[in-house]
Each structure stands twice: as structure tokens, then as C-alpha cells.
Amino acid sequence: MKIDVLLGLQWGDEGKGKIVDVLARKYDIVTRFQGGPNAGHTLKFNGKKFVLHTIPSGIFTDGAINIIGNGVVLDPGIFKSEIEQISVENPDIKKCLKISRRANLILPTHRILDAANEAAKGKSKIGSTLKGIGPTYTDKISRNGLRIGDIELPNFKEKFDALTKRHLREIDSLGFKDFDLEPMNKEWFEGIECLKQFEFVDAEMLINEKLDQDKSILAEGAQGTMLDIDFGSYPFVTSSNTICAGACTGMGVAPQKIGEVYGIFKAYCTRVGAGPFPTELFDATGEKLRAAGNEFGATTGRPRRTGWLDLVELKYSCMINGVTQLICTKSDVMNDFDTIKACVEYEIDGKRTMAMPFDTAQDAKPIYKEFIGWKCDISNAKTEQELPQALMDYIKFIEDFVKVPVKMVSVGPDRKATIIR
């Protein structure tokens with residue numbers, strides 16, 4: 001048995017939570033392999049809405065085991081509030097959720113450091129979610145981090161105090177004073193008590209054992225390919241490997257154990273925070289996309305930047321990840337557009353190219369192909385045959401361009417509004 005991987009191909013917010021929720025019924029185990037509470041995976045079903053930040057999106061699937069992998073960074077306070085929300089719908093959550101001992105903990109001072117670093121950058125800030133993600137991964141790489149397994153050790157409080165003092169010295173050196181640590185620490189330790197109610201596991205051993213038992217596993221990525229620390233639009237990226245390769249290091253599995261790679265993309269593009277966005281729209285069309293798609297961050301609430309689909313970027317993402325199946329989301333957002341555009345080339349310094357620019361300061365002018373809009377409501381479609389020809393022509397062009405089949409089309413936010421091709 002192999003592990004299937006599901007990940008975003010753009011700048012995040014592609015609709016991964018919903019798709020994991022749809023696919024999870026096929027799997028025995030769903031696991032998160034990177035990122036932290038900067039993720040906001042939205043699920044809608046039975047008239048209810050849930051936003052998951054750390055917990056895998058298979059948590060509402062009967063019988064599925066959910067694992068928070070070693071590549072994830074976890075904030076105990078946010079984890080506790082998520083558990084309280086989910087327990088209403090899934091009272092057996094303590095039985096079906098397990099946490100890797102090797103996952104790193106986000107401390108309150110990590111969040112303060114995040115804010116201090118952003119403030120120090122001034123106009124050069126990257127648009128961090130201020131959840132402490134970057135400083136936590138920094139501590140992990142510099143071998144100063146505090147991990148889930150440390151909670152079980154008798155000197156856990158001493159380790160916490162030592163790392164907090166280290167952070168406070170850094171914060172002081174940045175001249176940052178706008179924080180109140182005491183209530184943050186109180187909330188954090190309440191979260192630690194909540195965490196203690198769950199099973200801490202050597203997730204790499206558990207996952208490989210389950211594979212040997214022919215259990216089916218779905219690995220859920222967070223953020224998107226173009227936010228990858230190595231291959232995204234650096235430095236305007238997140239602090240983890242969001243690509244398929246990150247699933248191996250974020251769970252402890254060998255590359256040959258990866259099976260299908262599901263790549264999710266919106267029928268248009270969005271981005272939160274700073275950084276390059278070649279197809280960004282600054283006009284009424286961009287506002288129309290934002291309003292129709294309710295494009296506001298599930299984690300931050302910030303309005304998302306909007307633009308046409310970038311096929312140069314999508315093709316690059318498919319290559320980096322080895323995508324085997326594409327999933328198109330939010331096609332229903334463009335129900336009322338007369339024409340639709342997709343970028344098929346960049347023009348940089350007067351030359352046309354299909355290469356992703358290394359320098360994010362370079363001005364990549366998009367070269368567009370225009371399509372006829374479908375001008376009808378597709379949100380009630382249940383089969384591929386009910387989708388308008390204009391949308392099918394758009395999807396066919398995408399498939400031919402990136403050389404990967406589109407196997408699923410989402411036509412609305414509910415789990416039932418999903419068409420399998």
C-alpha cells in the first residue's frame with residue numbers, strides 16, 4: 001500500500017479542507033505533514049461550517065485515524081480551541097486523533113518574536129500570519145526547539161522556561177514592547193493540559209506499520225506550492241516544505257511509498273500577504289472575484305488578492321510535485337463572467353518565457369488566452385454531463401497545457417457539491 005498526497009498548487013486557500021473531507025471516506029488514516037495554525041482548512045456539511053488549523057480534515061470521517069505528523073508545528077492554545085469546536089460534532093475525537101512526539105511546539109514567545117520581526121522589517125514585511133510559525137521552525141532548525149515528546153519529560157517546565165528566556169532576550173534586542181506574556185502563558189499551559197488527554201506516538205513507526213498492514217493513508221498538505229520555503233516566491237513564503245517531498249520528511253516515509261498525488265487549484269488565483277502575483281487584478285473584475293468567492297482569509301480574515309488563473313505557475317507546480325490528478329475548485333465563482341482569462345506565458349524584460357523568475361522583484365507581465373464564460377449557475381450540477389460546454393472547454397485547455405488530467409471539479413463549498421469525472 002502507498003500513501004496518497006493531497007496538496008495545494010498555488011498560494012494556499014485552494015480548498016484543501018473540503019477535498020480532504022470528500023476523499024477521506026476512502027482512507028483509513030489522514031495525516032497532516034507540515035505547517036501549523038497558519039492553515040485554515042474550511043469544511044462545510046449538514047449546514048455547519050468548521051475551520052481546521054492544525055487537526056487533519058479527516059476528523060469528521062467515521063472510523064478514520066487522524067495523525068498530526070512530525071513536520072507540523074503546534075500551538076497548544078489554538079489546539080485546545082479547535083478540540084472544543086470539533087468535540088460538539090465528534091465526541092470520540094480523543095480516540096481518533098494521535099500526535100507525533102517529534103512535532104514542535106509553538107511557544108507564546110514565538111508569536112511575540114514573529115510580531116517583533118515583522119515590525120522590524122517595516123515596509124519589507126512578508127505578511128506573516130503572526131502565529132509564530134517562522135520562529136518555531138527557526139528553533140527547530142537551530143536545534144533549540146521544544147517538542148510534543150518533551151511534555152512527557154520531568155524537566156519540561158525547565159525547558160520551557162529556558163527557551164522563553166532565550167526568546168525574551170531576542171525580543172528585547174529588537175526593541176519590541178507591545179505584549180503581555182502572562183495571559184499568553186496561562187492560555188498555553190491550559191492547552192498543554194488539553195494535549196495530555198491525547199495519545200503521543202512515534203508517528204513514523206505507526207504510519208509505516210499501517211502501510212505494512214495495507215491500510216490506506218492520505219497525507220494532507222497545508223498552504224500551497226508557491227509558498228514552499230525552497231521553491232516558492234522566496235522570501236514571501238512559509239517556513240516549511242509544502243510540496244510533495246515534504247510529506248516524506250513530515251511523516252517519516254520513504255519516497256517510493258508515495259502513490260497518487262492530488263493537486264488542488266482554484267479556477268482563478270488568490271494570494272494573502274505580500275509577494276509577486278503576475279495575474280493579480282486591481283480593477284472591478286478583481287473585486288468581483290473577491291466578492292463572489294468570499295475571498296477573505298480563514299485564519300487571518302484578511303482580504304485575499306485575486307487574479308486570473310496562472311497556467312505557467314500551475315505547470316511548474318505540477319512538475320515539482322509529480323501531480324498525477326488535478327482537482328479544480330471554485331469554478332462556480334465565475335458563473336457570471338462574460339469572458340475568462342488564463343496566463344499562458346510571461347513577458348520578462350521584453351522576452352517571452354515559461355520559466356518561473358528567480359528574482360521576485362522582476363516584473364513578469366502575463367500573456368493571456370481568453371475563454372468564453374459559461375454564464376450560468378453550475379452550483380446544482382451533480383454530474384459531468386450537467387456542466388456547461390464552456391467550462392469543459394476551459395478544463396480541457398488546462399489539462400492539455402499542464403499534461404495532467406482534471407479528475408474532480410468542485411462547484412460549491414458543501415462536500416456534496418463535488419463532481420468526480
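**Figure 1. Overall view of the predicted model and its charged side chains.** The protein carries 56 positive and 58 negative side chains, and the centres of these two sets lie 0 Å apart. The model shown here and in the views that follow is predicted. Its secondary structure comprises twelve helices and 20 strands. The radius of gyration is 21 Å, close to the 22 Å given by the globule rule for 421 residues, so the protein is as compact as a globular protein of that length. Along the principal axes, the C-alpha atoms fill a box of roughly 65 × 50 × 40 Å. Of the 421 residues, 56% are buried. The exposed surface amounts to about 17,800 Å², of which carbon and sulfur atoms supply 51%. Where contacts link residues at least 6 apart in sequence, 76% of them join residues at least 24 apart.

**Figure 2. The nonpolar cores, with a close-up of M334.** In soluble globular proteins, nonpolar side chains tend to be buried together. The largest nonpolar core of this protein contains 65 residues, and the members that touch the most others are I3, L326, M334 and Y394. Helix α12, spanning residues 389–402, gives the most to this core, with eight residues. A second, separate core holds 32 residues, including I59, A103, L105 and F156. The close-up is centred on M334. Apart from neighbours within four places in sequence, M334 is in contact with the aromatic residues Y268, W308, W374 and Y394, and also with A267, L289 and I340.

**Figure 3. Helix α8 and the residue that follows.** Helix α8 covers residues 203–212, and seven of its ten residues are buried, so the helix is largely enclosed by the rest of the structure. The buried set consists of A203, E204, L206, I207, N208, K210 and L211. Charged residues thus appear in this set beside nonpolar ones, among them E204 and K210. After α8 comes D214, which has a positive phi, near 65 degrees.

**Figure 4. Surroundings of T109 in helix α4.** T109 belongs to helix α4, which runs over residues 108–121. With a relative accessibility of 1%, T109 counts as buried, because the cut-off for burial is under 20%. When residues up to four places away in sequence are left out, T109 touches T164, H167, L168, I171 and L181.

**Figure 5. T61 in the loop between β4 and β5.** This loop links strand β4 (48–52) to strand β5 (65–68), and T61 lies within it. Although T61 is a loop residue, it counts as buried at 11% relative accessibility. Its contacts, leaving aside neighbours within four places in sequence, are with D21, A24 and R25.

**Figure 6. Q85 of helix α2 beside K49, F50 and V51.** Q85 is found in helix α2, residues 76–87. Its relative accessibility is 28%, and Q85 therefore counts as partly exposed. Not counting residues up to four places away in sequence, Q85 touches K49, F50 and V51. Q85 and F50 are 35 residues apart along the chain, and their C-alpha atoms are separated by 8.0 Å.

**Figure 7. Two aspartates with positive phi in loops.** D13 has a phi near 65 degrees, a positive value in a residue other than glycine. Its place is in the loop between strand β1 (3–8) and helix α1 (16–23), and D13 is partly exposed, with a relative accessible area of 26%. D349 likewise has a positive phi without being glycine, near 55 degrees. This second aspartate is located in the loop between β16 (339–348) and β17 (351–353). At 69% relative accessibility, D349 counts as exposed, because the cut-off for that class is over 50%.

**Figure 8. The cis peptide bond between Y234 and P235.** Y234 and P235 are joined by a cis peptide bond, with omega about 5 degrees. P235 is found in the loop between strand β10 (217–220) and helix α9 (245–251).

Definitions and conventions: Residues numbered from 1 in each chain as written. Predicted model: local features only at pLDDT ≥ 70, side-chain atom pairs only at ≥ 80, totals over all residues. Heavy atoms only, no water. Helix = DSSP H or I, 4+ residues; strand = E, 2+ residues; numbered from the N terminus. Buried < 20%, exposed > 50% of the residue type's maximum accessible area, 1.4 Å probe, protein only. Rg over C-alpha atoms; globule rule 2.2 N^0.38 Å. Contact = heavy atoms within 4.5 Å. Areas by Shrake-Rupley, 256 points an atom, 1.4 Å probe, with all protein chains shown as cover. Lys, Arg positive; Asp, Glu negative; His and termini not counted. Charge placed at Lys NZ, Arg CZ, Asp CG, Glu CD. Core = buried A, V, L, I, M, F, W, Y, C linked by side-chain atoms within 4.5 Å.
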